[in-house]
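Student: Could we go through this structure together? I keep meeting terms and would like to see how each one is earned.

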Amino acid sequence: MTKSAGGANEKGNNRHWLGYRAGGLHVEDVPLSAVATAVPTPFYCYSANAIRSAYKSLASALGPSDISICFAVKANSNIAVLGLLSELGCGMDIVSGGELERALAANVPASRIIFSGVGKTRAEIARALEVGIHQINVESAAEISAVAGVARALGKRAPVALRVNPDVDAKTHAKITTATKESKFGIPIGEVADLYAEAKAMPELEVVGLAVHIGSQIQDMSPFRRAFSTMADLVTFMRERGLGVPRLDLGGGIGIASEDDAGPDIAEYAMIIAETVSHLGCEISVEPGRWLVGRAGLLVTELLYLKGMQDGCTAILDVGMNDLMRPALYDARHPVLALHEPRTDQAAPSYTLVGPICESSDKFGAYDGLGELREGDLLAFDCAGAYGASMASTYNSRDLVAEVLVEGGRFRTIRSRQDIRAMLRLEQAGTWQLPALKEREASGIVQRAARPGRR
Ligand code: LLP
């Protein structure tokens with residue numbers, strides 16, 4: 001019998017795939033400790049079936065209204081994850097040429113890819129047009145001219161939608177709020193109709209509609225209602241002026257539960273879409289990232305050292321802010337689970353979890369309920385499937401973190417660690433430095449530094 005390890009009662013995002021069996025934390029039918037024996041920590045671990053079930057519950061909530069779902073690749077850009085979603089019929093929302101190549105590598109048809117983002121280069125636009133992208137969301141008059149120019153040079157017509165800034169506060173963290181007046185994103189709503197008409201007059205552009213994205217990790221659904229109603233009013237206003245709006249892209253942003261909080265209700269989100277924009281008869285798409293993958297992933301780490309501090313016990317982990325940036329960047333708190341089920345009959349201290357990076361912000365917060373910890377114990381940060389691995393870096397010259405996918409009783413490394421050898425292959429001294437480099441080579445220093453080491 002599996003005992004659920006984390007908030008199983010949230011609406012539409014059931015976590016039957018995660019729990020303790022025989023005292024060990026399992027992802028689907030795989031004990032995480034078995035993965036940790038095969039793959040050195042830290043690593044991200046995703047459940048394929050959790051991702052599938054999140055997609056299916058969102059698709060069924062949006063159901064009869066025939067809305068297309070385009071996964072925001074930035075949330076988790078591993079091609080195994082993209083492929084899994086694509087097989088279910090999911091499209092992709094990308095924001096760079098790199099994400100485009102990832103989506104194509106995962107066999108996502110270009111006809112199901114939307115290109116968002118405020119600063120696309122001309123080379124990225126050209127590649128998108130060459131592969132036959134479904135839609136490019138443009139965010140300024142200057143970008144409209146750039147897309148038209150690239151399309152002209154290629155002898156193509158570019159399908160563009162205008163991203164609107166509706167001036168709606170998403171009531172989320174300031175760093176992931178994207179639709180207030182001060183934000184760099186979108187075209188101010190008052191300028192949209194005129195710009196739309198200008199774009200429609202350009203023969204290289206096929207102006208297909210409007211887009212909006214108000215922010216991320218949104219818990220209170222009322223900003224969505226405000227934004228989508230504003231968009232509906234804009235579509236009506238534009239149609240009255242003879243400007244057809246066949247497509248409406250509503251962006252992403254649905255938040256996920258954190259710790260014991262049940263999190264947003266996707267039935268309510270679907271209802272808001274139905275009530276605000278479905279009567280317009282537009283082709284509607286949404287671009288969720290976090291909601292599809294956030295709760296389907298864990299970040300597994302080993303406890304390196306315990307350190308007594310004035311205010312309690314600090315546990316130094318082998319995972320750092322370079323592997324999971326969200327706590328340092330947004331003060332985000334991820335639930336933590338011990339891989340060995342903690343005894344509940346003993347009082348255990350609270351631990352402050354920190355990483356090895358040389359920055360005071362390399363800190364994950366204070367946790368209790370983990371039992372009595374010892375050096376060598378394995379822990380897992382939960383709800384780490386979105387914006388975890390995709391935001392990881394090699395800061396402090398640490399390996400780029402690995403990723404593992406579990407399905408049923410199987411698991412596979414879907415991204416190997418990018419180690420120091422791989423990094424050093426891309427670096428070289430200035431030619432003018434070479435004599436000094438040779439000397440160092442002769443003394444063995446360069447070679448010693450290049451040897452890979454396990455952290
Ligand atoms: N569409 C556009 C145009 C976006 O900019 C984003 C996210 C999404 C869709 C997907 O949003 P989601 O459904 O995942 O909330 N690094 C931050 C999140 C940044 C989100 C940026 N844009 C974090 O870790 O919380």
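Student: Why is E28 called buried or exposed, whichever it is?

Tutor: Keep in mind that this is a predicted model. The relative accessible area of E28 is 7%, and buried means under 20%, so E28 is buried.

Student: Where is E28, and what is its phi?

Tutor: E28 sits in the loop between β3 (24–27) and β4 (30–31). The phi of E28 is near 50°, a positive value in a residue other than glycine. Most residues other than glycine have a negative phi.

Student: How do you know whether D167 is buried, partly exposed or exposed?

Tutor: D167 has 36% relative accessibility. Buried is under 20% and exposed is over 50%, with partly exposed in between, so D167 counts as partly exposed. D167 lies in the loop between β10 (158–165) and β11 (187–188), and the phi of D167, near 55°, is positive too.

Student: What makes the peptide bond from T41 to P42 cis or trans?

Tutor: Look at omega: the value is near -5°, and the bond is cis. Most peptide bonds are trans. P42 itself is in the loop between α1 (32–38) and β5 (43–47).

Student: Why is I214 called buried or exposed?

Tutor: I214 has a relative accessibility of 2%, and the limit for buried is under 20%, so I214 counts as buried. I214 is placed in the loop between β12 and α8. Leaving out residues up to four places away in sequence, I214 touches P166, A170, T177, T178, A179, P223, F224 and A227. The C-alpha atoms of I214 and A179 are 4.6 Å apart, although 35 residues separate the two along the chain.

Student: And why is V131 called buried, partly exposed or exposed?

Tutor: The relative accessible area of V131 is 24%. That is not under 20%, nor over 50%, so V131 is partly exposed. V131 belongs to helix α5 (residues 122–131), and beyond four places in sequence V131 touches L100, L104 and A110.

Student: What makes a set of residues a nonpolar core, and which residues have the most contacts inside the largest one?

Tutor: Its members are buried nonpolar residues joined through side-chain atoms within 4.5 Å. The largest such core has 137 residues, and L32, L210 and L353 have the most contacts inside it. Helix α8 (residues 222–240) gives the largest share, eight residues. In soluble globular proteins, nonpolar side chains tend to be buried together.

Student: Which residues are closest to the ligand?

Tutor: Among the 18 residues that surround the ligand, the closest are S216, E287, R326, Y330 and Y387. This shell divides into six nonpolar, six polar and six charged residues.

Student: How do you know that S216 has a polar contact with the ligand?

Tutor: An N or O atom in the side chain of S216 is 2.4 Å from an oxygen atom of the ligand. The cut-off is 3.5 Å, so this pair is a polar contact. The protein covers 92% of the 590 Å² of accessible area that the ligand has on its own.

Student: What else does the side chain of S216 join, and is S216 buried or exposed?

Tutor: A polar contact of 2.7 Å joins the side chains of S216 and R290. With a relative accessible area of 11%, below the 20% limit, S216 is therefore buried.

How values were computed
Residues numbered from 1 in each chain as written. Predicted model: local features only at pLDDT ≥ 70, side-chain atom pairs only at ≥ 80, totals over all residues. Heavy atoms only, no water. Buried < 20%, exposed > 50% of the residue type's maximum accessible area, 1.4 Å probe, protein only. Helix = DSSP H or I, 4+ residues; strand = E, 2+ residues; numbered from the N terminus. Near = heavy atom within 4 Å. Polar contact = N/O pair within 3.5 Å; in protein donor to acceptor, adjacent residues only side chain to side chain. Areas by Shrake-Rupley, 256 points an atom, 1.4 Å probe, with all protein chains shown as cover. Nonpolar A, V, L, I, M, F, W, Y, C, P; charged D, E, K, R; others polar. Contact = heavy atoms within 4.5 Å.
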